[in-house]
Amino acid sequence: MDGRARTEGKHVATAEETGQKVQRILIGEYNDVRLTKDGGFAVPFGSSTAFVEPTDWAADAEGNPRSLVRIWAPLGRDVPPTPELFRWAATEGQSKWFGSVSVVEGAEGKNAFVMFDHAILGDFLDPAELISAVTAIMVTADELDEIVHDKFGGKRYTDPD
């Protein structure tokens, strides 16, 4: 396939256009879809929640807008940032088909936020692809947040402050 064939019938999408499509797909599939302050969506599942955030991405070679859909779920907050946590995130946390574990250190390295995230292209968003990715992130996060809590401490997303 040459470069010309790849651009024929090209569809480009802004984050706003992608967000409208994402909303229709999510509402058609899940019973509880919430709008977030940032214009994304939250889909609760078990002890976690999948956040689905359409975002603008770098323009293509012709300057047309492109978008991504970031899907992420919190695994732990106020988690002590130990070498064991970082090792787990860098090894076991990278072994899933959809998504990977990230650790974000808090101010002065005192506590960390642990999340599971994945991104897909928004320009040609396929409903089955989006549903598969959101479901995979939700189900996996609901399992991994227990591991983070039990092995490394901190609080799950649904735990009280």
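1. Let's start with Arg70, which counts as partly exposed because its relative accessibility is 29%, inside the band between 20% and 50%. Please keep in mind that this is a predicted model. Arg70 lies in strand β4, and the next points follow its charged partners.

2. One partner of Arg70 is Glu53, and their side chains form a salt bridge with an N to O distance of 3.6 Å. This pair brings together distant parts of the chain, with Glu53 in strand β3 and Arg70 in strand β4, 17 residues apart. Glu53 is also partly exposed, since its relative accessibility is 23%.

3. Asp117 is another partner: its salt bridge with Arg70 has the closest N and O atoms 3.6 Å apart. Because Asp117 sits in strand β6 and Arg70 in strand β4, this pair ties together parts that are 47 residues apart in sequence. Is Asp117 buried or exposed? Asp117 is buried, because its relative accessible area of 17% falls under the 20% cut-off.

4. Taken as a group, Glu53, Arg70 and Asp117 belong to one network, joined by salt bridges that share partners. As a general reminder, side chains of opposite charge can pair when their charged atoms come close.

5. How many salt bridges does a search of the whole structure find? The search finds seven. Among them is the pair of Lys110 and Glu108, where the closest N and O atoms are 3.9 Å apart. Here Lys110 and Glu108 are both exposed, whereas Asp117 in the network above is buried.

6. Now for the nonpolar side of things. The largest nonpolar core has 33 residues, and those touching the most other members are Val52, Ile71, Leu130 and Val134. Elements giving two or more residues to this core include the helices α2 (15-29), α3 (83-90) and α4 (127-152), along with the strands β2 (41-45), β3 (48-57), β4 (66-79), β5 (100-105) and β6 (112-121). Which element gives the most to this core? That is α4, with ten residues. In soluble globular proteins, nonpolar side chains tend to be buried together.

7. Val52 deserves a look of its own in your viewer. Leaving aside neighbours within four places in sequence, Val52 is in contact with Val22, Leu26, Gly40, Phe41, Val69, Arg70, Ile71, Leu130 and Val134. That list brings us back to Arg70, a contact of Val52 and a member of the salt-bridge network with Glu53 and Asp117.

Definitions and conventions
Residues are numbered from 1 along each chain as its sequence is written. This is a predicted model: local features need pLDDT of at least 70, side-chain atom pairs count only at pLDDT 80 or more; totals for chains, interfaces and linings use all residues. Side-chain values use heavy atoms; hydrogens and water are left out. A nonpolar core is a set of buried Ala, Val, Leu, Ile, Met, Phe, Trp, Tyr and Cys residues joined through side-chain atoms within 4.5 Å. Buried means under 20% relative accessible area, exposed over 50%, partly exposed in between (1.4 Å probe, protein chains only). Helices (H or I, at least four residues) and strands (E, at least two) are DSSP runs, numbered from the N terminus. Contact means heavy atoms within 4.5 Å. A salt bridge is a side-chain nitrogen of Lys or Arg within 4 Å of a carboxyl oxygen of Asp or Glu.
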